[in-house]
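Me: I have a structure I would like to go through with you. Could you take a look at it?

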Amino acid sequence: MRLGRTVVSSLFSLSCAARSFAAIAALPRAAPASSRPNLPGISRAAAAASLGTCSLHVAMMSSSLAASSIGARGSPSSSATIRGHRGVQCCRPVAVAATASAKRRTLGTPPTSAIAAAAPGAPNSGYPSRPRFRTGLVTSRALATDATADAGSPASSSDGIAAASSQWLSSELTWPARDQTCGTLRDSDVGKTVTLCGWVNKQRDMGGIVFADVRDHTGFVQIVSDADTPKACTDALAAMRAEWVVCIEGRVKTRKDSNDKIPTGMVEVAADKVTILNTVAKSLPFSISGAPEGEDDELREEVRLKHRVLDLRRPQMVRNLRLRAKTIRALRAVLEDSYDFLEVETPVLTRSTPEGARDYLVPSRLQPGACYALPQSPQLFKQMLMVAGADRYYQVARCFRDEDLRADRQPEFTQLDIEMSFTDMDGILSLGEDLMCAAFKQGVEVDLPRPFKRMTYAEAMSKYGCDKPDVRYGLEMAELTEVIKGTEFKLFAGAIEAGGTVKAIAVPEGSRISNTRLKPKGDVFNEAVAAGA
């Protein structure tokens with residue numbers, strides 16, 4: 001027992017080192033349901049299963065020991081205690097310390113201290129027999145419905161959202177674990193028994209046969225009730241609504257009516273066990289499963305940012321995050337495997353250096369009146385590395401510039417920062433070509449034609465009047481100086497007399513574009529501005 005307490009205390013002390021844990025304070029059993037906030041589709045069980053929004057440190061102990069720690073409700077400085085208890089079932093989850101993160105703060109979770117949750121009803125645990133929790137992140141609750149469940153369990157499809165929440169949720173803490181992701185099931189998996197965890201994308205009750213699409217970060221798969229599905233499972237499927245968090249155990253079958261538009265369209269999962277981890281207690285502010293192409297753009301940014309957790313579940317946002325990750329992974333592979341670059345992380349709190357924009361300043365507590373500056377780029381540090389002999393450096397660097405928003409400018413951004421020693425122009429251009437080809441291939445599966453067309457600065461300025469021309473349109477400038485020499489048009493004549501040149505662009509069917517459309521507030525002018533002109 002003493003050793004068990006020591007182990008639990010050590011685990012708890014390590015988890016508390018950051019001193020930024022969230023607290024879960026127990027409410028009395030008689031607390032009304034309205035005092036237990038329920039966020040759409042967010043559950044502690046989902047978090048514990050890596051479906052949630054906080055990082056967890058879980059200690060699993062033997063049947064002879066469980067740990068419990070309850071701090072003062074909402075108190076930022078509340079202390080925690082560890083007590084050992086006997087008679088707890090083997091492998092019951094013992095201690096959970098949830099580290100508060102920026103996402104949890106977005107959900108409105110107060111910045112409180114730590115708590116470890118003991119098994120409900122354990123002796124001297126401080127919990128009532130059916131504990132209720134008060135926190136910004138709803139406790140995981142599960143009700144497993146399988147062949148041994150009550151066959152007469154009533155369906156709640158018509159009872160309303162609030163009634164469904166109370167019926168299908170249990171007070172017992174669970175830590176569900178999946179053995180397969182939803183979007184990776186294929187024909188080769190037919191006949192397997194799998195456990196899936198995710199969010200309900202859509203649900204369809206066909207009267208006796210219920211379908212539900214369950215989604216995770218890899219995609220979604222269709223769940224169905226068949227002749228071998230227990231009635232309690234069918235009732236649970238019928239009660240499901242969009243964004244409920246569920247755990248499904250079932251058999252992978254070949255789909256009768258295949259759907260070749262989705263990767264999992266050839267298979268479906270017949271449910272044998274349904275665990276509802278969390279429900280949605282209110283209407284969603286917008287559709288998560290996705291609107292027709294282009295309609296997602298109509299969502300107001302204020303609404304998306306207010307409900308950022310829900311926004312990040314949308315397929316388009318998931319694709320954006322995965323695209324960024326795949327692209328950076330491809331860039332790293334080229335730099336490290338093909339060119340032997342060294343990744344170095346440079347400081348963020350540094351001294352101010354004269355660059356193109358104003359610095360963001362961070363006051364120093366230890367040196368009143370002095371400030372750190374957030375770097376506009378790692379310029380000084382990478383030059384130091386080159387002089388020090390690092391030879392080839394790169395960094396996926398965060399940069400900060402206090403300037404007004406423009407088409408290609410924002411206060412905070414990420415750039416791939418590279419510095420090389422003992423190389424020439426061709427070496428730099430070849431590296432850039434390899435990086436771009438790898439990014440497009442791994443990111444969007446596009447093979448860029450090689451070698452890239454190269455042009456000198458003089459050629460770019462002569463043909464396009466810009467050192468970063470968009471060559472897709474082919475509107476090159478033609479010089480007319482010799483043709484119109486001696487003209488009486490003062491604008492051209494003055495430029496030629498001063499030693500300048502006169503150039504023009506041949507616009508196909510340009511006679512159809514009126515001067516009004518080219519002037520400010522004209523549609524051509526506005527389109528050019530929107531494109532970054």
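**Cysteines, one helix and the overall chain**

Reply: Please note that the model is predicted. Cys 437 is buried, at 11% relative accessible area.

Me: And Cys 182, buried or exposed?

Reply: Cys 182 is buried as well, with a relative accessibility of 0%.

Me: How many disulfides does the structure hold?

Reply: The count is zero.

Me: Why does Cys 182 have no bond to the closest cysteine sulfur?

Reply: The closest cysteine sulfur belongs to Cys 197 and lies 8.1 Å from that of Cys 182, which is too far for a bond, because a disulfide requires the two sulfur atoms to be within 2.5 Å.

Me: Changing topic: what is the reach of helix H8?

Reply: H8 covers residues 315–338, 24 residues in total, and its first and last C-alpha atoms are 34 Å apart. That is close to the 34 Å expected at 1.5 Å a residue.

Me: Which of its residues are buried?

Reply: In H8 these are Met 317, Ile 328, Ala 330, Leu 331, Val 334 and Leu 335.

Me: What do they pack against?

Reply: The buried residues of H8 pack against three helices, H6 (301–306), H7 (308–311) and H10 (425–444), and against strands E16 (392–400) and E17 (412–420).

Me: What follows H8?

Reply: Asp 340 follows H8, and its phi is positive, near 55°.

Me: How many helices and strands are in the whole chain?

Reply: The protein chain has 14 helices and 19 strands. Of its 533 residues, 38% count as buried. The chain exposes about 30700 Å², of which carbon and sulfur atoms supply 54%.

Conventions. Residues numbered from 1 in each chain as written. Predicted model: local features only at pLDDT ≥ 70, side-chain atom pairs only at ≥ 80, totals over all residues. Heavy atoms only, no water. Buried < 20%, exposed > 50% of the residue type's maximum accessible area, 1.4 Å probe, protein only. Helix = DSSP H or I, 4+ residues; strand = E, 2+ residues; numbered from the N terminus. Expected span 1.5 Å × (residues − 1). Contact = heavy atoms within 4.5 Å. Areas by Shrake-Rupley, 256 points an atom, 1.4 Å probe, with all protein chains shown as cover.
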